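Hello,

Here is the structure you are taking over. Please look through it first; my notes follow underneath.

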Amino acid sequence: MLLVQLRFWLYFSAVHSAMRNVNLILLASLALVSIVLFLSVNLRGNLQFVLELRVVKLVALVQVAVAVAISTIVFQTITTNRILTPSIMGMDALFVLIQTVLVFFLGGLGFAALNSTYKSLAEVILMSALACGLFLPILRHTTAMTLMLLGGIVLGVLFRSLSSLISRLIDPNDFAVVQSVSYADFNTIESNFLPPFLILTLVALLVCWKLRHVLDVFLLGRETAIGLGVNWELYAVGLLALIGALVAASTALVGPVTFLGLLVVALAERIVGTQRHSQMFIGACLVSITLLVGGQTLLSHVFYNAVPLGILIEFVGGIAFLYLLFSRMRA
Amino acid sequence: MIRIDNVSVSLSGTSILEDINLELPRGGITALIGPNGAGKSTLLSAIARLLPLTAGSITLDTLEVAHAPSSELARRMAIMPQDNVVAGRLRVKELVQFGRFPHHRGRAGPEDHNAVREALQLFDLESIEERFIDTLSGGQRQRARAAMCYSQGTDYLLLDEPLNNLDIFYARELMRTLRRVADHAGRTIIIVLHDLNHASAHADRIVAMREGKIVADGPTQSVITPNILKSVFGYEIDVKTIAGKPISLHFL
Ligand SMILES: Nc1ncnc2c1ncn2[C@@H]1O[C@H](COP(=O)(O)OP(=O)(O)OP(=O)(O)O)[C@@H](O)[C@H]1O
Ligand SMILES: [Mg+2]
C-alpha cells in the first residue's frame, strides 16, 4: 500500500514539476473554464437528467481529445517530424473502411446489433495490427517526409475510395449507417462505446507518460536512439499498435477529424516552448480539451450550431497544415 | 576487444562488406582510413548494431552485439554517426545530457550532471551551452555531437569522421583530447579519418579499407607506407618522416 502511495506520489511530483511552466497553468485554467461552461451554460429542465447527459458527453469529448493528442504526439515522435499525423497518414480512413466492410457483410441491422464491448475490442486489435502491418514497413524504409506524405496520401485515398466503392454496393438503408460513421459529429456521440475506449485511453495515457523519457530519445532519430540503448524496433512496433488503438478510440466516438491532431500539437508546441514529452503530453491534452469542449460550448450556445465543430476544426487545421508545410519547405 | 568474424553486410541487394575478419584490441586509438565508399561507415554502423549483418558475428568483450540487450551495449559503447542531423529543437547542453540516458533512463543524478559538465568543458562548449543546435556553425555542432558521445562514459567510442567541418585548431584539439581520453581514462577509440596525417600523428593502429575489404591492419608506422597507400587510394603518395611521424604528402 505504501509502495502504491509512493509511486503515485512520484507520478504526481513529475506532473507537478512539468507544471512549473507558466503557460501550462494558463492552459489548464482555460481547459477548466471550458469544462465548467460546458456543464453550466443554459441549464434548464430536469437538472439531474440534463446534467447527467452533459457529463457523459463531456467525458466522451475529453476522452477523444486526449486520444487524438497523445496518438499524434507519439506518431510525430517516432517519425521525427511535426507535420504528419495518424489521420493525415490515412489511419482514420482505415477505421471507416473497417466499419463499411462490417456493414457490407452484416447489414445495417446486424451492424447495430453487435455487442459494443466485443466490437470495440475487435476494432482495437484490428487497428493495432493494421497500423503495424502498414506503417512499420514505411517507417523502416524511410522517415523522409515527402515519401511518408506520399505514402500516407496514397493509403488514405485508397481506403476512402474502397469505402465509397463498398458503400455503393450496399442497400440504401444500410448506407445511412455508413454515412453516420464516415463523418465527424460532435453532437451525437456513440456513448455506448464510451466505457471500453475510456479505459483504453487511460491505459494509453499512463503508458505514454511512463515512456516520456524514452520518447524524448526517440525524437533524436533512429540511429542516435539505438546508440543510446533504446530498442527502436520493439518500441516502434508497440507504439504504432498503441496509435492504431487510439485512432480507433477517437474515431469510433466522433468520426474522422483529419486535422485536429495536427492543430492541437502545433499549438501546444508553440505554447509550451519545448519538445520534452512530459510537457508536450500535458500541453497537447489541455489544448485539445479546450478546443473540443470550449469549441462545442461556444458553437452550440452562441452560434446555435450554425457550423458543426468538425468542419470548423478541419478548416482551421487544414490552414495550419498548409502553413506548416510551406514554412518547412522554405526552411 | 572487438572481434569481427566473417562479417558480410548487404544493403538493398548489393554487397557492401565482404567477409571481414578483424580484431580491434582494447585501449588506444585505431584509425579507419580508405577512399569514399570503401565501407568505413558501414563497418562502424555494423559494430554499433545500427545495421543488421548478412553473415558473421561481432563481439564486444564478452557480448555478442546482435543478441546483447541494447541498453547494456549503450553503457559500453557510444557511436557518433557520420552525417546525422540532430532532429528536434535542442540546446547544446540538452543534447550532451542525452548522452547520460543509458545510465539513468530518465532521472539524471549528480554523477550525470558532473559527466555532462566535464564533457562540456573538455570540448570547449561552455560558452555556447545554452545555444540551440540549429543555430551553431558546422564545427560547433560537430563538437557538441562529440561531447554527447563522450558523456556517455563508455569504454568504447566509435567516431565517424568527427573532424568534418573542424578548423585546424579544433581538429588538433579534438585529436589531442581523444589521445588524453585514451591514455588516462583507458578508453578504446575507433575513429574514421580522411586526414592521413591526423591518423599518423595521433593513432596507435590503422585499419585501411577499400571496396568493402580490409587492405591493411597494423601499427601506424607499418601501414602508412607508399606501397600500402597506393593499394588503398590508387595513386603514388610520398611519405616523409617528420618529428618521428610518417607524414603523407598526399596533396602533391
Ligand atoms: N543504404 C544503402 N543502400 C545501398 N548502398 C549503400 C547504402 N549505404 C551505403 N551504400 C554503399 O555502400 C558503400 C559503402 O558506404 P560507406 O558509407 O560505408 O562508405 P564510407 O567508407 O564511409 O565512405 P565515405 O568516406 O564517403 O564516408 C558505398 O558504395 C555506398 O554507396
Ligand atoms: Mg562514411
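A polar contact here is a pair of N or O atoms within 3.5 Å. One such pair joins Ser12(B) to ligand 1: a polar atom of the Ser12(B) side chain is 2.9 Å from a nitrogen atom of the ligand. Please keep in mind that the model is predicted.

Ligand 1

There are 14 residues around ligand 1, and those that come nearest are Ser12(B), Gly37(B), Lys40(B), Ser41(B) and Thr42(B). Besides the Ser12(B) pair, two further polar pairs are worth listing. Ser41(B) places a polar side-chain atom 2.6 Å from an oxygen atom of ligand 1. For His194(B), an N or O atom of the side chain is 3.0 Å from an oxygen atom of the ligand. The ligand exposes 640 Å² when taken alone, and 61% of that is buried by the protein.

By class, the shell around ligand 1 consists of eight polar, four nonpolar and two charged residues. The element that gives the most to this shell is H1(B), with three residues.

Magnesium ion

Which protein atoms are the donors of the magnesium ion (ligand 2)? They are OG of Ser41(B) and OE1 of Gln82(B), at 1.9 to 2.1 Å from the ion. These two residues are 41 apart and link distant parts of the chain: Ser41(B) belongs to helix H1 (residues 40–47) of chain B, while Gln82(B) sits in the loop between strand S6 (77–80) and helix H3 (92–98) of that chain. Ser41(B) therefore appears at both ligands, as a donor to the ion and through its polar pair with ligand 1, and it counts as partly exposed because its relative accessibility is 22%. Gln82(B) has 27% relative accessibility, so it also counts as partly exposed.

Thr42(B) and Leu17(B)

Thr42(B) lies in helix H1 of chain B and is among the residues that come nearest to ligand 1. Is Thr42(B) buried or exposed? Its relative accessibility is 13%, so it counts as buried, the cut-off being under 20%. Leaving aside neighbours within four places in sequence, Thr42(B) is in contact with Val9(B), Ile16(B), Leu17(B) and Leu51(B).

Leu17(B), one of those contacts, is found in strand S2 (residues 14–24) of chain B. It is buried, with a relative accessible area of 0%. Not counting residues up to four places away in sequence, Leu17(B) touches Val7(B), Ser8(B), Val9(B), Gly39(B), Thr42(B), Leu43(B), Met209(B) and Gly212(B). Val9(B) thus turns up in the contact lists of Leu17(B) and Thr42(B). The C-alpha atoms of Leu17(B) and Pro52(B) are separated by 12 Å, with their positions 35 residues apart along the chain.

Other residues

In chain A, Gln296(A) is part of helix H13 (residues 277–301). Its relative accessible area is 2%, so Gln296(A) is buried. Its contacts, apart from neighbours within four places in sequence, are Phe38(A), Lys57(A), Leu61(A), Phe186(A), Asn187(A), Leu291(A) and Leu309(A).

Back in chain B, Glu118(B) lies in helix H5 (residues 110–122). With a relative accessible area of 39%, Glu118(B) is partly exposed. The C-alpha atoms of Glu118(B) and Tyr150(B) are 9.5 Å apart, and the two residues are 32 apart along the chain.

Regards

Technical notes
Residues are numbered from 1 along each chain as its sequence is written. Chains are lettered from A and ligands numbered from 1 in the order in which they are written. This is a predicted model: local features need pLDDT of at least 70, side-chain atom pairs count only at pLDDT 80 or more; totals for chains, interfaces and linings use all residues. Side-chain values use heavy atoms; hydrogens and water are left out. Donors are N, O and S atoms within 2.8 Å of the metal (3.2 Å for Na, K and Ca); water is not among the atoms, so sites may look incomplete. Helices (H or I, at least four residues) and strands (E, at least two) are DSSP runs, numbered from the N terminus. Buried means under 20% relative accessible area, exposed over 50%, partly exposed in between (1.4 Å probe, protein chains only). Contact means heavy atoms within 4.5 Å. A residue is near a molecule or strand if one of its heavy atoms lies within 4 Å of it. A polar contact is a pair of N or O atoms within 3.5 Å; within protein, one must be able to donate a hydrogen and the other to accept it, and residues adjacent in sequence count only if both atoms are side-chain atoms. Accessible areas come from the Shrake-Rupley method with a 1.4 Å probe; for residues, only the protein chains shown count as cover. Ala, Val, Leu, Ile, Met, Phe, Trp, Tyr, Cys and Pro count as nonpolar, Asp, Glu, Lys and Arg as charged, and the others, Gly among them, as polar.
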